[in-house]
Amino acid sequence: MKKWNLIIDVARCNNCNNCFLANKDEHVDNDFPGYAAPQPRHGHRWIDILRRERGRAPMVDVAYLPTTCNHCEDAPCVKASADGAVYKRPDGIVIIDPQKAAGRKDIVASCPYGVIWWNEERKVAQKWIFDAHLLDQGWKEPRCAQVCPTGAIRSLNAEDSDMEQIAKKEALEVLHPEYSTKPRVYYKNLYRFTKCFIGGSVAIDRNAIVDCLQGANVMLTKDSGTVAEQRTDCYGDFKFDKLDRDSGAYTIEISHPCQGKKAIEVRLGESQYVGTVYLGGQGVY
Ligand code: SF4
Ligand code: SF4
C-alpha cells in the first residue's frame, strides 16, 4: 500500500513562512472532527521554520529548516497511547484523535522531536496532520506543498520500497536517525543545517595592491589524511563543507606554482572563515 511522505529541500527554503501560514489558515477557528480540534491563533507552530547562520562576514550563509510531525513509522507517540488516542492510518499518517486524546497532556512528552503542542484552552495535544482531512477529500498534496513558492516541499504517495530507492537516489536524510522512529519527512541538503564548513580567501599583495588569487590549490587534511582538495575561485575563495561540528584539528595547505605555499592549522567547532591568507610577497612575482 502507498503511504504519504514529505521531501523538504533545505537549500530551497527561503523562510517565507507560507507553509506555516497555510497551516494556520487551515486550522485556526476550524474544527475537523476526527482529525483535529481548532488550533489556537497564537503559540502553536505545527509547521515551524528553524534558522541557522554559519560562518562570519564575508563568508556567511543562512539555512532554514521547516520542521513538523514526521509521521514516523515506528512512532513513540502511537506506542505511548495504546488506547487509540494516537494512531497510524494505513496511508502512514499519524493522527491524534481530538476526542480520545482529550485531557491527555502526557502525549506531548511522548514525541522525541518535540512537535506536539498542548492546546490549553481545549485541553488536547495537537500537531500537523499532513492535511489528512483534505487528502481524504481527494486533494493531491497537503497545503504546505501547494503554497511553497520555491518548490522546497514535495509530497509523495509511494510504496515504501519506492521511497527507499528515491531516498537513496536523491541522498535524502531524516532528522535524528538515532531516534530510530523511521520518519516519513525526508530532507535534501540537510548538511546546510547540520554540518559545518571551513572557508577562507587567498590573495597576493603586490606593493600594497591586494589581488585575489584564483586557481591556488587548497588541500584540507586531518590526521595526515586528505579530507578534500579544491582550487580557489575567481574571488580567491575556498570553502570545504559537510564537515562535522566539533571535529577537531585540521590543516589547510595552500599552494600556487608561482606564489609559493602556506599552511595553517584550524580547530573546528562551528563553521569558520579563516580570513585572508596571503601568498607570495614582494620580489616573488
Ligand atoms: S513555504 Fe517553502 S520556502 Fe516558504 S518557508 Fe515554507 S518551505 Fe520554506
Ligand atoms: S514526529 Fe513525534 S508526533 Fe510525529 S509521529 Fe513521530 S513521534 Fe509522533
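Student: How do the residues of the shell around ligand 1 divide into nonpolar, polar and charged?

Tutor: In this predicted model, the shell around ligand 1 holds 10 nonpolar residues, 5 polar ones and no charged ones. Cys counts as nonpolar and Asn as polar. Among the 15 residues that surround the ligand, Cys13, Cys16, Asn18, Cys19 and Cys148 are the closest.

Student: Which helix and which strand each supply at least two residues of the shell around ligand 1?

Tutor: They are helix 1 and strand 3.

Student: What makes the buried residues of helix 1 lie on the same side?

Tutor: The buried residues of helix 1, which spans residues 18–27, are Asn18, Cys19, Asn23, Glu26 and His27. They cover an arc of only 155 degrees around the axis, and therefore they lie on the same side of helix 1. These buried residues pack against strand 3, helix 5 and strand 8 (153–158). Just after helix 1, Asp29 has a positive phi of about 70 degrees.

Student: Why is Glu164 called exposed or buried?

Tutor: A residue is exposed if 12 or fewer other C-beta atoms lie within 10 Å of its own. Glu164 has 12 such atoms within 10 Å, so it is exposed. This residue is found in helix 6 (residues 160–169). The C-alpha atoms of Glu164 and Asp83 are separated by 31 Å, and the two residues are 81 apart along the chain.

Student: How do you know whether helix 6 lies largely in the open?

Tutor: Being buried requires 20 or more other C-beta atoms within 10 Å. Of the 10 residues of helix 6, the number buried is 1, so the helix lies largely in the open. After helix 6 comes Ala171, with a positive phi near 55 degrees.

Student: Which residues have the most contacts inside the largest nonpolar core?

Tutor: The largest nonpolar core has 48 residues, and those with the most contacts inside it are Ile8, Cys77, Val86, Val94, Ile107 and Ile153. Several elements each supply at least two residues of this core, including strand 3, helix 2 (76–79), strand 5 (94–96) and helix 5 (143–147). Strand 1 gives the most to this core, with 4 residues. Apart from this core lies another, of 14 residues, among them Phe197, Ile204, Ala216 and Val277.

Student: What does Cys77 touch, not counting residues up to four places away in sequence?

Tutor: Contact requires C-beta atoms within 7 Å. Cys77 touches Val86, Val94, Ile107, Ser110, Cys111 and Ile116. Two of these names recur at ligand 2: Cys77 and Cys111 are, with Cys69, Cys72 and Ala75, the nearest of the 14 residues around that ligand. The shell around ligand 2 has 10 nonpolar, 3 polar and 1 charged residues.

Student: How do you know that strand 2 and strand 3 pair, and how do they run?

Tutor: At least two bridges are needed for two strands to pair. Strand 2 (residues 48–56) is joined to strand 3 (residues 59–67) by 9 bridges, so this requirement is met. The two strands run antiparallel. They form a hairpin with 2 residues between them, and Tyr64 is the bridge partner of Arg51.

Student: What joins strand 15 to strand 16?

Tutor: Strand 15 (residues 248–256) and strand 16 (residues 260–268) are joined by 9 bridges and run antiparallel. Applying the cut-off of at least two bridges, one concludes that they pair. Ile254 stands opposite Lys262 of strand 16, and 3 residues lie between the two strands of this hairpin.

Key
Residues numbered from 1 in each chain as written. Chains lettered and ligands numbered in written order. Predicted model: local features only at pLDDT ≥ 70, side-chain atom pairs only at ≥ 80, totals over all residues. Near = placed C-beta within 6 Å. Core = buried A, V, L, I, M, F, W, Y, C linked by C-beta atoms within 7 Å. Contact = placed C-beta atoms within 7 Å. Arc of directions from axis to C-beta.
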